[in-house]
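Reader: I am new to this structure and would like a close look at a single part of it, namely the open and enclosed spaces inside the fold. Please take me through them slowly, with enough of the surroundings that I can find my way.

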Amino acid sequence: MTEARGPAKKAPMREVLAQAAFQLFLERGFEQTTVDDIVARAGVGRRSFFRYFPSKEDAVFPDHESCLADMTAFLDAADGGDPVEAVCDAARIVLRMYATNPEFSVQRYRLTQEVPGLRTYELSVVRRYERTMAGYLRGRYADYEDGSLRAEVIAAAVVAAHNNALRSWLRSGGDGDAEAAVDHALELVRNGWGSGAADGEAAAGGADDEVVVMVVSKRAPMWRVVQRVESALGQD
């Protein structure tokens with residue numbers, strides 16, 4: 001006996017429109033494709049398109065809204081622990097969105113590089129991720145005198161590290177391990193700003209290392225300073 005199967009489930013209209021739009025952008029070029037072309041390919045009316053996408057640019061990045069919502073929900077739930085670790089984990093949500101469909105991500109990256117308007121739009125999307133991270137960090141650093149500045153700097157560093165590794169992977173055509181590359185880049189941010197940064201420096205020195213305190217005259221020549229240091233350290 002063969003198992004009876006029902007009709008195939010239709011893809012959501014948002015996905016249908018995005019796919020139709022992207023196919024046309026690749027075939028004809030972004031500027032040469034109109035909304036009328038897109039809805040004709042998808043078999044729907046213009047009102048359906050604008051119900052899901054305010055513009056053609058939005059159809060190129062159909063997954064960023066849900067990804068931003070996922071990041072916001074993740075950070076809202078991240079109450080304790082290291083705040084730098086939390087925003088690094090939040091950045092990985094964006095990475096997974098790209099890595100889930102490498103072929104589409106690479107094609108979109110190439111298209112974005114060719115169309116100035118899309119590059120501008122992409123920068124605005126990146127800025128929204130950065131603002132979301134900075135908003136979370138401001139709450140976590142509210143008791144710091146430089147809390148707002150710290151939040152902005154760390155958020156910018158996380159975005160820069162993530163995007164540098166991600167774009168290198170995209171330029172390679174999706175070759176290699178994107179997650180490993182992004183993890184390596186984010187490690188630099190954690191080492192510089194994470195709660196374990198100071199502990200890591202102390203551990204690197206070793207608990208048994210001796211500390212030498214030396215007082216010299218400001219007028220002492222450099223050779224004399226070096227000589228005093230070498231003498232204190234027992235070096236020839």
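Author:
**The spaces within a helical chain**

Read along the sequence, this predicted model follows the pattern α-α-α-α-α-α-α-α-α-α-α-α, with twelve helices and zero strands in the chain. The chain has 236 residues, and 38% of them count as buried. Among contacts between residues at least 6 apart in sequence, 62% join residues at least 24 apart.

A word on confidence should come before the details. The average pLDDT of the chain is 84, and 78% of the residues score at least 70. Over residues 198-209, however, pLDDT stays under 50, and the model has zero contacts beyond four places in sequence for them. Where pLDDT is low, the predicted coordinates should not be read in detail.

We can begin with the open space. The largest pocket has a volume of about 440 Å³, and 16 residues line it, of which Glu15, Pro62, Asp63, Asn101 and Phe104 are the closest to its centre. Two or more lining residues come from each of helix 1 (13-28), helix 6 (83-100) and helix 7 (102-114), and it is helix 1 that provides the largest share, with seven residues. Sorted by class, the lining of this pocket holds six nonpolar, six polar and four charged residues.

From the pocket we can turn to the enclosed spaces, of which the model has two that reach 30 Å³ or more. The largest cavity contains about 170 Å³ of space. Its lining is made up of 17 residues, and those that lie nearest the centre are Val94, Val126, Tyr129, His162 and Asn163. Helix 5 (64-77), helix 6, helix 8 (116-140) and helix 9 (147-171) each supply at least two residues of this lining, while the greatest contribution, seven residues, is that of helix 9. By class, twelve of the residues that line the largest cavity are nonpolar, three are polar and two are charged.

The second largest cavity has a volume of about 30 Å³, and the residues that line it are Phe61, Tyr98, Ser105, Arg108, Tyr109, Thr112 and Glu122. Here helix 7 gives the most, with four residues, and the lining divides into three nonpolar, two polar and two charged residues.

The nonpolar interior helps to place these spaces. The largest nonpolar core has 63 residues, and those with the most contacts inside it are Phe49, Val87, Leu111, Tyr129, Met133, Leu137 and Val158. The largest share of this core, eleven residues, belongs to helix 6, a helix that also gives two or more residues to the lining of the largest pocket and at least two to the lining of the largest cavity. Tyr129 likewise has two roles in this description, as it is among the core residues with the most contacts and also among the residues nearest the centre of the largest cavity. For another view of the core, one can follow valine 158, which, leaving aside its neighbours within four places in sequence, is in contact with Val87, Cys88, Ala91, Met133, Leu186 and Val189.

Three further residues show how the surroundings vary in exposure. Alanine 99 is found in helix 6, and because its relative accessible area is 34%, it counts as partly exposed. Its C-alpha atom is separated by 9.7 Å from that of leucine 170, a residue 71 places away along the chain.

Glycine 194 lies in the loop between helix 10 (178-193) and helix 11 (197-205). This glycine has a relative accessible area of 10%, so it is buried, the cut-off for that class being under 20%. Apart from neighbours within four places in sequence, glycine 194 has contacts with Asp82, Val84 and Val189, and Val189 is also one of the residues in contact with valine 158. The C-alpha atoms of glycine 194 and glutamate 85 are 6.8 Å apart, although 109 residues separate the two along the chain.

Glycine 45 is likewise placed in a loop, the one between helix 2 (35-42) and helix 3 (46-52). With 36% relative accessibility, glycine 45 counts as partly exposed, and its C-alpha atom is separated by 9.7 Å from that of valine 35, ten residues away along the chain.

Methods
Residues are numbered from 1 along each chain as its sequence is written. This is a predicted model: local features need pLDDT of at least 70, side-chain atom pairs count only at pLDDT 80 or more; totals for chains, interfaces and linings use all residues. Side-chain values use heavy atoms; hydrogens and water are left out. On a 1 Å grid over the protein atoms alone, a cavity is a set of points where a 1.4 Å probe fits but cannot get out, and a pocket is an open set with protein on both sides within 12 Å along at least five of seven lines; lining residues have an atom within 4 Å of a point. Grid points are joined across faces, edges and corners, and a volume is the space filled by probe spheres set on the points. Ala, Val, Leu, Ile, Met, Phe, Trp, Tyr, Cys and Pro count as nonpolar, Asp, Glu, Lys and Arg as charged, and the others, Gly among them, as polar. A nonpolar core is a set of buried Ala, Val, Leu, Ile, Met, Phe, Trp, Tyr and Cys residues joined through side-chain atoms within 4.5 Å. Buried means under 20% relative accessible area, exposed over 50%, partly exposed in between (1.4 Å probe, protein chains only). Contact means heavy atoms within 4.5 Å. pLDDT is the predictor's confidence in each residue, from 0 to 100.
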